[in-house]
Amino acid sequence: MNDDNNNNHEDTQKWILDSDVIDVMVDVPIIDGGGGNKKGSFKTRDDQRRHGVSRPAGMRLGRRQSKAERGFKSLKFLDRSVTGKEVDAWRAIENRFQRYAIDHRLPRDKFGVCIGMGGDSKDFAGELFDTLMRRRRLCLGGGITLEELQGFWEDVTSQDMDFRLQIFFEMCDKNGDGKLSESEVKEVIILSASANKLGNLKSQAGYYASMIMEELDPDHLGYIELSQLETLLREVMVFDQDNSKIMGKKTCSLTRAMIPKRYRTPVSRVISRTVELIHDNWKRIWVIVAWLAINVLLFFWKFNEYKKHKGFKIMGNCLCVAKGGAETTKFNMALILVPVCRSTLTSLRSTFLSRIIPFDDNINFHKVIAIGIVIGTFLHVFMHITCDFPRIIGCPREKFMLLLGPNFNYHQPSYQELARSIAGVSGVLMLIIMGISYVLASHQFRRNVIKLPSPLHHLAGFNAFWYSHHLLIVAYVLFIIHGYYLFLVTQWYLKSTWMYLAIPMSLYASERLLASVNELKHNVDIIKAVIYTGNVLALYLTRPQVFRYKSGMYLFIKCPDISNFEWHPFTITSAPGDDYLSCHIRTLGDWTAELHNRFAKVCEMERAQARKGSLVRMETTAYAGDSYSQLRYPRIVIKGPYGAPAQDYKKYDILFLIGLGIGATPMISIIKDVLNTIKPIDHYSDSVHKHSLDSSRRGPERTYFYWITREQGSFEWFKGVMNDISEYDHDHVIEMHNYLTSVYEEGDVRSALITLVQKLQHARNGVDVLSESRIRTHFARPNWRKVFAELASNHMASRIGVFYCGSATLTQTLRKLCQEFSSSSTTRFHFHKENF
């Protein structure tokens, strides 16, 4: 993604510098090769070179390219970011030819994979193959040689814009009559939809083909010609290209102008960026420094204390290191419970402590403390079993009885006796449980990255993480026992393990008890359940009166019909002003799959009522007081709400929301909350009216929402919200950008007709063909650097809250861009990542 961004940035720079481009035109006789020219065909310079045509003297003409011609250069058959540079690309194609060729000839079905179009474009590549075969008058059977493949590759990568357009037209014009009929347009739309994984568009290809014919065939002749198709494609592509170039030039120049002096030399830049880094992360830094300082102080305090102990004369510094590690482990075993006391942290978020403590990083701090426990435990165990125990066993009896006899009842133990003692057995069992919990909580196991063979596959996934973590209750009991039955400490008030754990364990236990009580208060009924394409289950629940939350918060859901113990976190997608609760659950594991299946059994299949092209979904509605409907559903229990980074969105001047796939859920709640302050009051209940008055339109001046998904069906999840934005947001407070990554970027020949259909449909009906909402959908992925540059130039001296929810692959990219543009402009970007 960074490479794409850099390429786009470089292109922007090039367009700014190269404002005048000269294209050399050659006036030469057209060689037809024996056949008559069909209408609209012409030869290019590549053809001239292949046919040995020389350039006559005195017939060289030059012309300045128009904006349309420069913009139309974006029509391409291959994605250079995938295939690479020309030399490298052809080398890779040669290697693939050797792999796929049969008897030194490449078959038709391997052509797309060989030249780098990918397996999804197999049918599209097959039609392109047939077109290139017809152009070169080659036999369609038996495949092509490497030399012929090179000729094909030169054709599709030609720099001549007219030549590429001609290939595309001939690809559509299968019968070769120089005209495109409606059936031919429909077939190309079907191929494009298949290559871009747009099943819904594919089913409506006939409707969109007729729409293109109405636009390009006003005289109802039943066909369109090359010049007509070229004109419309140029208009569609140049509009986007021209706007992007102008905006790129504007943002680039403004961003450069905003660079302060302290960032213009290498030394000052390093110093300033270090200062900025400290400024952006000072909360995390002071917490980590304080935590490390406490651990170091505890370690050396206990180390020095045991230097005065009688056992030091037998075990030496090994005893001091072991006891120092044990002391830090006691502290960390107590502290690790605090970051998971969610109710307490949610309450503290609203206090002044949120100004100095990074509550958003509670899970990350939980993991850091776990590492501290591992280090302290390792020091304690390693020193005992490799140093302390051997020295106790090998100590002369007289010396042992004199120094440690009372601690061991005047019996010098063997290694086996030390291991079989209460302290030894409890320590071993505790190590086993903690080791299992630590391993199964790692990313590879919790996220099911590791694929284990059956039946070991149950050890990976959220369920294994959840159950193993609850085994730690036993580990804490063993920890208290282990800390009480010490050999070297006899007085109870000197056995400090229980002292460390008393308050944190009481706090955690009270939270769990309170959650159990709230299960009775938070009794919910299911209003509606909808199953969307993409394995997403949307639940609409009645809202308990005592359930108060902010946008961006999440709750835990339990389904007793599946398990009486498992709770799973999900973001609340309804707004605080709504009189219901909603959440969208994507099938990602065993539990969510079972929940999806149980609701699917009680949902009835029906078509969405709206209009053509609506997606099939499973939906059922329960009415208030209908006990029979509730009995059909699996029982749902909730607890919460709990705080999340997005809940503090109102403290920023500008909002920049980014959601990947189902990661849009916390952002949708914020969007709904903003919409509630925009919509007319008579559209809402009194509760919403009260919420709107309380909000008093406070908060961000502008909201940008970027939603990136790879499935067309995902847009069905929040189509109502997108339509509400278009209907009520007359002042453009919310700017929403949908990106469908399964579609090739605008300018790719595989998405050319889809771009055309999209523009025509949106201009005619105001509805996007991909999302079926009033929000237009972009293709491929956003150019994040360009997006940040535009925000920095449009909102100078503003505080922009960047909230991201999605896979970790994009986290570092966004975080670095926030730091970069915060240091190189007057705009401050504050990055927040959702964690559960």
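**A walk through the predicted model**

Let us begin with a six-stranded open sheet, whose strands are ordered β14-β13-β12-β11-β15-β16 and pair in parallel. At its edges stand β14 (777–779) and β16 (828–833); each has a single partner strand, so one side of each is left without a neighbour in the sheet. If you look along the sheet, neighbouring strands are turned against each other by 20 degrees on average, with direction ignored. Keep in mind throughout that this is a predicted model.

Within that sheet, take a look at strand β11 (residues 654–660) and strand β15 (residues 799–805), which are joined in the parallel sense by six bridges. A handy landmark here is Ile 658, whose bridge partner in β15 is Tyr 804. As a general reminder for reading such a sheet, side chains in a regular strand alternate between the two faces.

Which helix lies across β11, β12 (702–709), β15 and β16? That is α33, and its direction makes an angle of about 165 degrees with β11. By the cut-off of over 145 degrees for roughly antiparallel, helix and strand therefore run roughly antiparallel. Helix α33 spans residues 784–794 and is mostly covered, with eight of its 11 residues buried. The buried set consists of Trp 784, Val 787, Phe 788, Ala 789, Glu 790, Leu 791, Ala 792 and Ser 793. In an α-helix there are 3.6 residues a turn, so residues three or four places apart point the same way.

From here, move to a smaller piece of the picture, helix α29 (residues 665–676), where you will find Thr 665. Is Thr 665 buried or exposed? Its relative accessibility is 6%, and because buried means under 20%, Thr 665 counts as buried. Leaving out residues up to four places away in sequence, Thr 665 touches Thr 571, Ile 572, Thr 573, His 584 and Phe 718.

One of those contacts, Thr 571, leads us to another sheet, since β6 covers residues 568–571. This open sheet has three strands in the order β6-β5-β10, with antiparallel pairing. Here β6 and β10 (637–642) are the edge strands, each with a single partner strand, so one side of each lacks a neighbour in the sheet. Neighbouring strands are turned by 30 degrees against each other on average, again with direction ignored. Strand β5 (residues 554–558) pairs with β10 in the antiparallel sense over four bridges, and the bridge partner of Phe 556 in β10 is Lys 639.

Next comes a hairpin. Strand β3 (residues 526–532) and strand β4 (residues 536–542) run antiparallel and are joined by six bridges. Val 530 stands opposite Ala 538 of β4. Three residues lie between the strands of this hairpin, and Gly 534 takes a positive phi near 90 degrees. How many residues of β3 are buried? Five of the seven are, so β3 is largely enclosed by the rest of the structure.

Now turn to the helix pairs. Two packed helices are described by the angle between their axes and the distance between the axes. Helix α17 (residues 317–335) packs against helix α19 (residues 362–394) at about 155 degrees, their axes 8 Å apart. The two are therefore roughly antiparallel, and their crossing is left-handed.

A second pair makes a good contrast. Helix α7 (residues 122–135) and helix α9 (residues 161–172) cross at roughly 110 degrees, and their axes come within 9 Å; α7 and α9 are therefore roughly perpendicular to each other. On the α7 side the contact is made by Phe 124, Glu 127, Leu 128, Thr 131, Leu 132, Arg 134 and Arg 135, and on the α9 side by Phe 163, Gln 166, Ile 167, Glu 170 and Met 171.

Our last local stop is Met 315, in helix α16 (residues 312–315). With 2% relative accessibility, Met 315 counts as buried. Met 315 and Ile 392 are 77 residues apart along the chain, yet their C-alpha atoms are separated by 7.1 Å. Beyond its neighbours within four places in sequence, Met 315 is in contact with Cys 387, Asp 388, Arg 391, Ile 392, Leu 404 and Leu 488.

Stepping back, the chain has 34 helices and 16 strands, and buried residues make up 50% of its 836 residues. Of the contacts with a separation of 6 or more, 74% involve residues 24 or more positions apart. The chain's accessible surface is about 40,700 Å², and 57% of that belongs to carbon and sulfur atoms.

Notes
Residues are numbered from 1 along each chain as its sequence is written. This is a predicted model: local features need pLDDT of at least 70, side-chain atom pairs count only at pLDDT 80 or more; totals for chains, interfaces and linings use all residues. Side-chain values use heavy atoms; hydrogens and water are left out. Buried means under 20% relative accessible area, exposed over 50%, partly exposed in between (1.4 Å probe, protein chains only). Two strands pair if DSSP finds at least two bridges between them. Contact means heavy atoms within 4.5 Å. Accessible areas come from the Shrake-Rupley method with a 1.4 Å probe; for residues, only the protein chains shown count as cover. Axes are lines fitted to C-alpha atoms, for helices over the stretch in contact, and angles run from 0 to 180 degrees between N-to-C directions. Angles under 35 degrees count as roughly parallel, over 145 as roughly antiparallel, 65 to 115 as roughly perpendicular and the rest as oblique. A crossing is left-handed if the near helix is turned anticlockwise from the far one by less than a right angle, and right-handed if clockwise.
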